[in-house]
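Open your viewer and load the model. We will walk through it one selection at a time, with a note on what you find at each stop.

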Amino acid sequence: MPNFFIFAILEPNFRMDTQKQIKTALVSVYHKDGLDEILKKLNELGVQLLSTGGTKSFIEELGLPVNAVEDLTGYPSILGGRVKTLHPKVFGGILSRRDNESDIKQLSDFEIPEIDLVIVDLYPFEATVACGASEQDIIEKIDIGGISLIRAAAKNYKDVIIVPSKGQYADLLTLLMEKKGESTIEDRKAFAAAAFAVSSHYDSAIFGYFNSDNKGAERISLNEGDVLRYGENPHQMATFYKLNNVKQGAALAKARILQGKALSYNNLLDADAAWKVASDAYHSVENIDNKVAVSVIKHLNPCGLAVTSNIMHSLELAWAGDPISAYGGIVCFTQKVTAEVAVWFGSRFVEIIIAPEFSPEAIEILSKKKNLRLLEIPVKDSITGEKLYRSISGGMLVQDEDEGIDNDFKLVTKKQFDDTKLSLAKFGITACKHLKSNAIALVTENSDGSFWLTGAGMGQPNRLDSLRHLTIPRFQLKEGIDIAESVLISDAFFPFRDSIEAANEYGVKYIVEPGGSIRDEEVINACDEFGIAMLFTGKRHFKH
């Protein structure tokens with residue numbers, strides 16, 4: 001048995017104060033970048049190193065003395081490396097209480113050295129899943145020994161420092177440089193907190209991989225949050241966390257901020273809504289070549305939306321959807337923003353512009369607006385597999401994202417629904433599903449084949465008010481478009497015929513709604529009475 005083990009056993013630390021000196025360190029890591037400085041400093045301080053496998057080889061290559069775990073345990077690494085450190089002589093040295101006489105006696109009886117510092121960096125499970133590795137490779141990246149070392153050392157933080165990941169290497173190096181290998185109880189407790197954050201996140205990621213059905217259980221791991229200036233209002237605190245267990249999409253979490261002041265809580269909500277609306281609208285339209293979608297968002301609602309074959313045309317139509325509400329809004333493009341687009345914003349105030357790319361000329365022009373945020377996001381990504389999380393008092397609601405495009409239409413009226421308007425109907429459903437309920441949308445196809453949102457009513461306690469007091473007045477502000485050739489969309493069924501009567505007053509001839517009311521027959525009869533064509537989709541799109 002190496003002499004240093006005997007020294008550690010015969011000279012146990014019986015000090016009752018909170019200051020602890022590192023004498024022996026166990027090092028077992030995956031990522032070794034930045035580890036060399038730590039190891040050299042530990043050696044300089046006279047700390048004896050204990051390691052195994054690739055980490056031990058790394059230490060030896062640095063020319064530093066290191067003792068093998070196998071020499072301590074009397075067992076080699078077995079089962080293809082699955083079992084290395086799982087042994088009482090390792091965990092006894094970590095978990096022993098330095099002020100407990102019984103523990104100290106057992107260490108002596110079984111020749112177990114005290115271990116004062118544990119440095120671990122786990123197998124990269126999430127990265128292995130993300131790169132599309134085979135199931136067998138993924139399973140092998142579930143760390144067993146490392147996670148056990150983390151929990152053991154963190155539990156015994158009164159006596160042991162735990163460094164649970166490469167993210168804490170710098171903190172440890174600072175401690176070694178400033179305190180010469182000593183630590184306070186506050187130091188060790190802070191490392192322990194970080195350790196349990198690492199272990200709980202790691203377990204959440206593994207659970208997420210196995211929990212493909214998402215039935216009755218969720219694990220959300222939030223790390224490295226960005227503290228925002230304030231929440232929805234200045235007296236509310238807020239933090240933005242990036243979820244680590246999303247599948248595809250997640251565009252806002254991928255955003256690159258090119259310029260402008262820090263994003264606020266409300267900015268983030270609106271930017272997310274702008275991306276989702278533009279992305280959905282882009283994917284809802286199939287019959288436009290070289291299509292580009294532009295959304296204009298205000299307070300989570302699309303006040304403007306258009307899909308055309310020209311970025312300037314899309315921008316102008318989207319802005320014209322509701323130019324009053326567009327002031328101070330968020331604009332999202334599915335195509336690169338050019339200098340021409342940037343010049344267009346010269347006298348117009350918006351909070352954020354989002355696009356997959358900005359030309360250098362556009363950035364130069366927009367840089368004159370110092371507070372304007374420019375976000376680069378892969379806007380054409382479709383939303384797939386994401387969950388929506390929403391807290392309520394004492395609990396949390398979790399649901400699937402309202403994904404996909406409605407394609408199943410059922411004609412329920414005597415008047416035929418013009419087949420040439422089906423593409424417009426799909427676009428309209430997409431626009432309407434992003435409006436707050438009760439939502440009514442009017443969408444129009446121009447003679448050049450472009451689609452745009454020409455009237456929007458949202459957030460009302462009844463559907464009739466959305467139609468009469470918001471959607472229709474906004475439509476009537478526009479010139480040169482015919483309501484009889486437009487399509488009216490409702491996010492949920494009409495409970496009474498009164499909305500049909502109101503639509504008829506204004507000349508609506510095409511309506512799309514989910515159906516499903518006990519008074520569907522009454523509503524259909526009203527459409528037949530007024531010569532209105534109606535389609536049922538069978539799919540509601542409430543948005544609260």
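## First stop: K166

Select K166: it counts as partly exposed, because its relative accessibility is 47%. Keep in mind as you look around that this is a predicted model. K166 belongs to the loop that runs between β6 (161-163) and α10 (169-179). Which residues does K166 touch, leaving aside those up to four places away in sequence? Add H31 and D121 to your selection, and you have them. Now select A273 as well, 107 residues from K166 along the chain. A distance of 35 Å separates the C-alpha atoms of K166 and A273.

## Zoom out to the whole protein

Colour by secondary structure, and you should find 20 helices and 23 strands. The radius of gyration is 31 Å, well over the 24 Å that the globule rule gives for 544 residues, so the protein is more spread out than a compact globule. Turn the model along its principal axes: the C-alpha atoms fill a box of roughly 100 × 55 × 45 Å.

How much of the chain is buried? Of the 544 residues, 49% count as buried. If you show the surface, its accessible area is about 25700 Å², and 50% of that belongs to carbon and sulfur atoms. As for contacts between residues with a separation of 6 or more, 60% come from residues 24 or more positions apart.

## Look down helix α19

Next, select residues 498-506, which make up helix α19, and highlight S499, I500, A502 and A503, its buried residues. Why do these four lie on the same side of α19? They cover an arc of only 160° around the axis, which puts them there. There is a general pattern to keep in mind here: an α-helix has 3.6 residues a turn, so residues three or four places apart point the same way.

To see what the buried residues of α19 pack against, show the helices α18 (463-476) and α20 (520-530). Then add the strands β21 (487-490), β22 (510-513) and β23 (533-536), which also pack against them. Just after α19 comes G507, with a positive phi near 95°.

## Follow the aromatic rings

Now display the side chains of the aromatic residues. The whole structure holds 10 aromatic pairs. Pick Y209 and F210: their ring centres are 5.3 Å apart and their planes stand at 85°, so this pair is edge-to-face. Y209 is partly exposed, since its relative accessible area is 26%. Add F125 and Y202, which form one aromatic cluster together with Y209 and F210.

For a tilted pair, go to Y327 and F349, where the centres are 5.2 Å apart and the planes are at 55°. Y327 sits in the loop between α14 (323-326) and β13 (330-333), and F349 in the loop between α15 (339-344) and β14 (352-355), so the pair ties together parts that are 22 residues apart in sequence. Are these two residues buried, partly exposed or exposed? Y327 is exposed, with a relative accessible area of 53%, and F349 is partly exposed at 36%.

## Charges over rings

Two more rings deserve a click. Select R348 and W344: the charged end of R348 sits over the ring of W344, 3.7 Å from the ring centre. Then select K291 and Y282, where the charged end of K291 sits over the ring of Y282, at 4.5 Å from its centre.

## Backbone details

Stay in this part of the chain and select N290. What is the sign of its phi? The phi of N290 is positive, about 50°, although N290 is not a glycine. You will find N290 in the loop between α12 (265-284) and β11 (292-298), where it is exposed, with a relative accessible area of 65%.

Move on to L300, in the loop between β11 and β12 (301-308). L300 is also a residue other than glycine with a positive phi, near 75°. L300 counts as partly exposed because its relative accessible area is 24%.

For the last stop, select S437 and N438 and look at the peptide bond from one to the other. That bond is cis, with omega near -5°. N438 lies in the loop between α17 (422-433) and β19 (440-445).

Notes:
Residues numbered from 1 in each chain as written. Predicted model: local features only at pLDDT ≥ 70, side-chain atom pairs only at ≥ 80, totals over all residues. Heavy atoms only, no water. Helix = DSSP H or I, 4+ residues; strand = E, 2+ residues; numbered from the N terminus. Buried < 20%, exposed > 50% of the residue type's maximum accessible area, 1.4 Å probe, protein only. Contact = heavy atoms within 4.5 Å. Arc of directions from axis to C-beta. Phe/Tyr/Trp six-rings, centres within 6.5 Å; stacked < 30°, edge-to-face > 60°. Lys NZ or Arg CZ within 6 Å of the ring centre and 35° of its normal. Rg over C-alpha atoms; globule rule 2.2 N^0.38 Å. Areas by Shrake-Rupley, 256 points an atom, 1.4 Å probe, with all protein chains shown as cover.
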